[in-house]
Structure formats: C-alpha cells, structure tokens
Amino acid sequence: MSQNTFARSFTISQASGVEVNINLVLSSKPVREAQKLKTLTKYVKQYPSGWKKRLELADLLYSMGKWTEAVEEYKFVIERQPQLIPVKLKLGKILQLMGKEKEAIEVYKSALSKVSNLNFSTPTSSNVTQSNLATQSHIIGLIEVCRHNFQLAVEAFDKATTLEPLNPSHWLALGQVQRAIGNNLDALRAFETILSRYPDDIIALINIYDTLIALGKEQNKVPSHHNFFVQEQKRESESNSLEFIDNIWNKRAKKILNQAITLAPLNYQVLKRQIEYRCRIKLVLGTEGKQTKQLINSFLKLAPNSTSGYQLKAYYYQVRGELEQERKS
C-alpha cells in the first residue's frame, strides 16, 4: 500500500444474496476512467484474441468497482495465459469477496498446480525452490480460508513464513487469520514480525493498531474481581470518561497510530483510524473539534462516496451532541 491513497466505495451482491460494502483502496486517484474504458473496450473488440489489453481492461474494471465484468475479463486472460499466477490469485480473491468461494477454490487450485509444476519443470536454485514451496503453502492457506478451515489455514501460512521468512505477505495472511479466529496475541506477533523487518510498512502498522485495540477491548471485559489493577484502571477511566485509552494495549495503539500518521497522514486507512480515535477520546469540541472535522473533510475528499466517511461524520456529531447535552445538564 502506498503512503497516500484514494478509496472507492461500492456495494456487491454475494452469491447468497447478501449485499457487502467494499472499500477499494487505490494507489492513486483515478483519472479519465470513462475514456480509458471506451478505448480499451473498442480495442478488445477489434482484436479479440489478444490478452495484454484485455488484462488492462480487467484491471480498470476492477478499480472502477465493476467486478462482475472484471471477473469475465480475468477469466479470458487466464485461459490465454494460464502461467500468470498473480492474475489467478487476484481473481481468486475477487471471487472470494463476492461470496463465490467454490469458484475461488478452483482458481486457487489452478494456481497451486502451476506453482507445484515450477519445482519440477526447470532446474532452479534452492532459494527459488524455497520461494515456490512457500507460495504453495500460502495458496493452500487461501483455499482453507475459503473452506472455513481456519486452523488448517493458520498451519499453511505458518509454514510459508518458515520457508520464506522475509516475505511480509505470508506474515500478513497469518496474522489476519489469527485475528479472524480471535487469537489476537498470535496475530500481533505476526504483524510485529513484519514491522521489525520493514519499519515503514503501513499495512503492518494498521493491522497492529487494530489488533491492539481488540486486545484493549478484551482487557476491559476482564471481570474486575479477578484483577484489582484492572478494577482500579476502570474506575479511573470512567471518572475521566476516557476508558478507551486507559490500558496498556490502547496506550501502545496510540503510539502505533502516531507512527502511521507521521508516515502517511493522507492514507485512507490511517486517516479513518485517526478520526475514529479522536472521536473515541471526545476531541469534538473547540479547537480540537475543528481539527477532527477537518480530518473528516479530508477523508471525504479521498473517498467521496464512502459509507465509512458518512459513518465517521455521524459518529463525530453523535459524540459532540452527547458532550453538549452533558454540559447543559
């Protein structure tokens, strides 16, 4: 993920009929999309057997949120160029998000077969072989996620990190699955491994922040009679109306968020979390409130049609209204 990003929001209908909001993060603000779409569509009609422009068209449709059309174009490209493993993995992920998990599994299996064949088709160095084996394990993990076999997915991604420890994508996948099944401490270790090797990795910082917030919520749920220190923390936090920041996990989260803000203040994901944090600690009045409102306006410029943007705006006014009501009473 680049440091400054543009986001596009749209809704997809999954195979089950459930509608899902997608926030697609792009590396830059798209320009002249309509013209590009018209030009590429015209070209592929004139040269229907070509695949390179077809791949450009698929990527454009993907970025525009036209995923149904993008899927068909990606399928065409893969039929012509079955060795394009990254394209297969991208198609598999799209199908997975669309709720078409069985189709996604078949695409992932096809990619897995190609990677497996690479180890036998040509002589390679030991490093390349290790990388291919790691990719195999990673794809197996993706398949198990689609099957909802999350423990098997954890084992597959963990094997990938062992085979190729410097590849952050394996650690990221491992951490995200661990978070999905509630293993937040294990998830934190995976994300922090990325950061220890790549200190400016925005994706790692964002995932660490989210995991620390989840751990903070878990600590606040601990029965107070089990832990006197937690009980005293909670009393103090309630008296200050700042329960959000009064435990070790949330304090660490604040440091991570500040680090992310320093690196990428206009990153969509970072900006979203900064606004949420400021609203949680009630920086919605006076000079601080104006700064929070400015951040919301910046967010809406990055993602003008984002559902998240309007939710953040509503959250801001909700907290502001509650504080104003408290002052009156």
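**Exercise 1. The H1–H2 pair**

Is the crossing of H1 and H2 left-handed or right-handed? Describe the pair in full.

*Solution.*
- Start with the source: this is a predicted model.
- Locate the helices. H1 spans residues 33-46 and H2 spans residues 52-63.
- Take the geometry. Their axes come within 10 Å and cross at roughly 145°.
- Assign the hand. H1 and H2 cross in the left-handed sense.
- List the contact. H1 contributes Glu33, Lys36, Leu37, Leu40, Thr41, Tyr43 and Val44. H2 contributes Lys53, Arg54, Glu56, Leu57, Leu60, Leu61 and Ser63.

**Exercise 2. Overall make-up**

Determine how many helices and strands the chain has, and what share of its residues is buried.

*Solution.*
- Count the elements. The chain has 15 helices and two strands.
- Turn to burial. Of the 329 residues in the chain, 45% are buried.
- Check the range of the contacts. Consider those between residues at least 6 apart in sequence: 55% of them join residues at least 24 apart.

**Exercise 3. The hairpin**

In which sense do S1 and S2 pair, and over how many bridges? Work outward from the pairing to the turn.

*Solution.*
- Set the limits. S1 covers residues 6-13, and S2 covers residues 19-26.
- Read the pairing. The sense is antiparallel, with eight bridges.
- Fix the register. Valine 25 in S2 stands opposite alanine 7.
- Look at the connection. Five residues lie between the two strands, which form a hairpin. Glycine 17 sits in the turn, with a positive phi of about 95°.
- Test the cover of S1. Six of its eight residues are buried, so S1 is mostly covered under the 20% cut-off for burial.

**Exercise 4. Alanine 15**

Is alanine 15 buried or exposed? Find what it touches.

*Solution.*
- Place the residue. Alanine 15 is in the loop between S1 and S2.
- Apply the accessibility. Its relative accessibility is 60%, so alanine 15 counts as exposed.
- Find the contacts. Leaving out residues up to four places away in sequence, alanine 15 touches Met98, Gly99 and Lys100.
- Check the separation. Alanine 15 and lysine 100 are 85 residues apart along the chain, yet their C-alpha atoms are separated by 6.1 Å.

**Exercise 5. Two helix pairs**

Classify H13–H15 and H7–H8 by angle, then by hand.

*Solution, H13–H15.*
- H13 runs over residues 268-280 and H15 over residues 307-328.
- The packing angle is about 15°, and the axes are 9 Å apart.
- Angles under 35 degrees count as roughly parallel. H13 and H15 are therefore roughly parallel.
- The crossing is left-handed.
- On the H13 side, the contact uses Tyr268, Lys272, Ile275, Glu276, Cys279 and Arg280. They meet Ser308, Leu312, Tyr315, Tyr316 and Val319 in H15.

*Solution, H7–H8.*
- H8 covers residues 168-180. The axes of H7 and H8 come within 8 Å and cross at roughly 155°.
- This angle makes H7 roughly antiparallel to H8.
- H7 passes H8 in a left-handed crossing.
- H7 makes the contact with Phe150, Ala153, Val154, Phe157, Asp158, Ala160 and Thr161. From H8 come His170, Trp171, Ala173, Leu174, Val177 and Gln178.

**Exercise 6. Positive phi outside glycine**

Where do histidine 148 and lysine 282 lie? Give the phi and exposure of each.

*Solution.*
- Histidine 148 lies in the loop between H6 (126-146) and H7 (150-163). Its phi is near 65°, a positive value in a residue other than glycine. At 47% relative accessibility, histidine 148 is partly exposed.
- Lysine 282 is in the loop between H13 and H14 (286-302). Its phi is near 65°, again positive in a residue other than glycine. With a relative accessibility of 27%, lysine 282 is partly exposed.

**Exercise 7. Cysteines**

How many disulfides does the structure hold? Then judge the burial of cysteine 146 and cysteine 279.

*Solution.*
- The number of disulfides is zero.
- Cysteine 146 has 4% relative accessibility, so it counts as buried.
- Cysteine 279 has a relative accessible area of 1%, so it is buried.
- Recall the packing from Exercise 5: Cys279 is among the H13 residues that meet H15.

Definitions and conventions
Residues are numbered from 1 along each chain as its sequence is written. This is a predicted model: local features need pLDDT of at least 70, side-chain atom pairs count only at pLDDT 80 or more; totals for chains, interfaces and linings use all residues. Side-chain values use heavy atoms; hydrogens and water are left out. A disulfide is a pair of cysteine sulfur atoms within 2.5 Å. Buried means under 20% relative accessible area, exposed over 50%, partly exposed in between (1.4 Å probe, protein chains only). Two strands pair if DSSP finds at least two bridges between them. Helices (H or I, at least four residues) and strands (E, at least two) are DSSP runs, numbered from the N terminus. Axes are lines fitted to C-alpha atoms, for helices over the stretch in contact, and angles run from 0 to 180 degrees between N-to-C directions. Angles under 35 degrees count as roughly parallel, over 145 as roughly antiparallel, 65 to 115 as roughly perpendicular and the rest as oblique. A crossing is left-handed if the near helix is turned anticlockwise from the far one by less than a right angle, and right-handed if clockwise. Contact means heavy atoms within 4.5 Å.
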